[in-house]
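Got the model open in your viewer? Keep the selection box handy, and we'll go from stop to stop.

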Amino acid sequence: MGLFDRLKGDDAPRVAFFGIDGVPYSLIDEHPDVFPNLTELKQSGAGGPIDSIVPPESSACWPALTTGVNPGETGVYGFQDREVGSYDTYVPMGRDVQATRLWDRITDDGRDATVLNVPVTFPPQRNVQRMVSGFLSPGVDKAAYPDDLRDHLQANDYRIDVNAKLGHDDDKTEFVEDAHKTLERRYEAFSHYVEQDDWDLFFGVFMTTDRVNHFLFKHYEQDGEYQQEFFDFYRKVDEYLGKLRDQLDDDVTMVVASDHGFTSLDYEVHFNEWLAQEGWLDFATDDHSELGDISEDTKAYSLIPGRFYINLEGREPSGGVSEADYESVRADLKEKLEALEGPNGNKVADRVVTREDAFRGAHDDIAPDLVVVPNHGFDLKAGFKGSEDIFGVGPRNGMHSFDNATLLIDDADARIQDADLYDIAPTILDLMEHDYDRTEFDGSSLV
């Protein structure tokens, strides 16, 4: 469907979804002066905090949000995933997402979708009206389809992502300027294609919010040097979302959501170093810079964020833990992770989740055996070189959180209570009056 069909009398409802990656609900709720448009959206419709997923990393969150199912079904667990039966790892892209996306469901009905800047969607799909892939895409020339979309974005200096390296500098001036430019170009593209009015589902993501939070969030929470710049950036985010809302026709419901929450970062936790010091991780060579260098004496290793794999015989190439010992080894590791304290005396883990409790589905063969959901302040790392200390401090001062993600729906009948990321997909489908089998989702509709 689209504009032509509606002119013929088809008035099926539409949805415009705007992602604000990593924006915590409390930020909006506590600062109505910074967010007058989102506050009005909440008051006239519905809004509240929701939970993210395990683990709360964007590469896993966006596939879950756009499919309504957990990583055991999407097959994507984080920024870096492990090959089946191997220590080799890869960075998951759009084709690695095994579950059905929202836009695929509605395009199967003959309806149209415009999908802009959603993480983990490269390469762009050819079965949707138009798509430019988001985070992890190599550039607009390869990330946009069809050609007229590519040409328009290139002509308007569209940016897929901010230059995050600028955030590593003590002086954040260039980073803030780059963030504003990236945000402006994103808004201009969204506004242009919202105005086309030829789509049934508009799905666009502002990811610059996540980048700003990584480098300025502690400035916000602790009245730091760049607190004003933080608020100025978010005033512009709110202004743009208000303008986009004004562009929408009456048959369109606006939905705004983040994929996870955010909090201040106090310590990076280098878990493979901790495993090595505790005798859980051993290397077969002196050059222990890769996952493939681990030896049969290894009992466990980690991948970001907070994912732990038992070095299981028959599953891992150099597996040294037998099937008979698996449960006891995992229970021992879980107990030690739950007891681990940071330099400030606080527990690192809010909780430690087993694979059975977090993941289920046809693609759980690379699921981690344990996942640490950290307490606020502890950012979980898992490199294999570069750190001799378990706890450290890096260039970022903000980190993802499982709780306090955002969901706003321009529908007064929506009920956002005890909701999580998996509820968004079925909610959008209900708003569009699309029939679906409710057993296909891990969440349920909120309308």
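Select threonine 209 and show what surrounds it. Beyond its neighbours within four places in sequence, threonine 209 is in contact with Ile20, Asp21, Val23, Phe233, Tyr234 and Val237, where contact means heavy atoms within 4.5 Å. This is a predicted model: local features need pLDDT of at least 70, side-chain atom pairs count only at pLDDT 80 or more, and totals for chains, interfaces and linings use all residues. Residues are numbered from 1 along each chain as its sequence is written, and side-chain values use heavy atoms, with hydrogens and water left out.

Is threonine 209 buried or exposed? Threonine 209 counts as buried because its relative accessibility is 0%; buried means under 20% relative accessible area, exposed over 50%, and partly exposed in between, with a 1.4 Å probe and protein chains only. Now add phenylalanine 206: its backbone oxygen is 3.2 Å from a polar atom of the threonine 209 side chain. Widen the selection to 208–221 and you have helix α10, home of threonine 209. Helices here are DSSP runs of H or I with at least four residues, strands are runs of E with at least two, and both are numbered from the N terminus.

Next, pick leucine 265, in the loop between β10 (261–264) and β11. Leucine 265 is buried too, with a relative accessible area of 3%. Leaving out residues up to four places away in sequence, leucine 265 touches Lys218, Gly377, Asp379, Arg396, Asn397, Gly398 and Met399. Try a distance to phenylalanine 215 as well: leucine 265 and phenylalanine 215 are 50 residues apart in sequence and 9.7 Å apart in space, C-alpha to C-alpha.

Move on to β11, residues 267–270. Which strands share a sheet with β11? The open sheet has three strands in the order β16-β11-β17, with mixed pairing. Its edge strands are β16 (378–381) and β17 (391–392), each pairing on one side only. Two strands pair if DSSP finds at least two bridges between them; β11 and β16 run parallel, over four bridges. To see the two strands side by side, select glutamate 268, which stands opposite aspartate 379 in β16.

Stay with β16 for the largest pocket, as β16 gives the most to its lining, with four residues. The pocket holds about 1100 Å³ of space, and 46 residues line it, with Glu57, Phe79, Ile304, Leu380 and Lys381 lying nearest its centre. Other elements that supply at least two lining residues include α4 (58–67), α10 and β11.

What about enclosed space? The largest cavity has a volume of about 50 Å³. On a 1 Å grid over the protein atoms alone, a cavity is a set of points where a 1.4 Å probe fits but cannot get out, whereas a pocket is an open set with protein on both sides within 12 Å along at least five of seven lines; lining residues have an atom within 4 Å of a point. Grid points are joined across faces, edges and corners, and a volume is the space filled by probe spheres set on the points. To find the largest cavity, select His152, Leu153, Asn156, Tyr158, Arg185, Glu188 and Ala189, which line it. Helix α9 (173–196) gives the most to that lining, with three residues.

Last stop: helix α15, residues 424–431. Seven of its eight residues are buried, so α15 is largely enclosed by the rest of the structure. Just after α15, click glutamate 433, which takes a positive phi of about 55 degrees.

Definitions and conventions: Polar contact = N/O pair within 3.5 Å; in protein donor to acceptor, adjacent residues only side chain to side chain.
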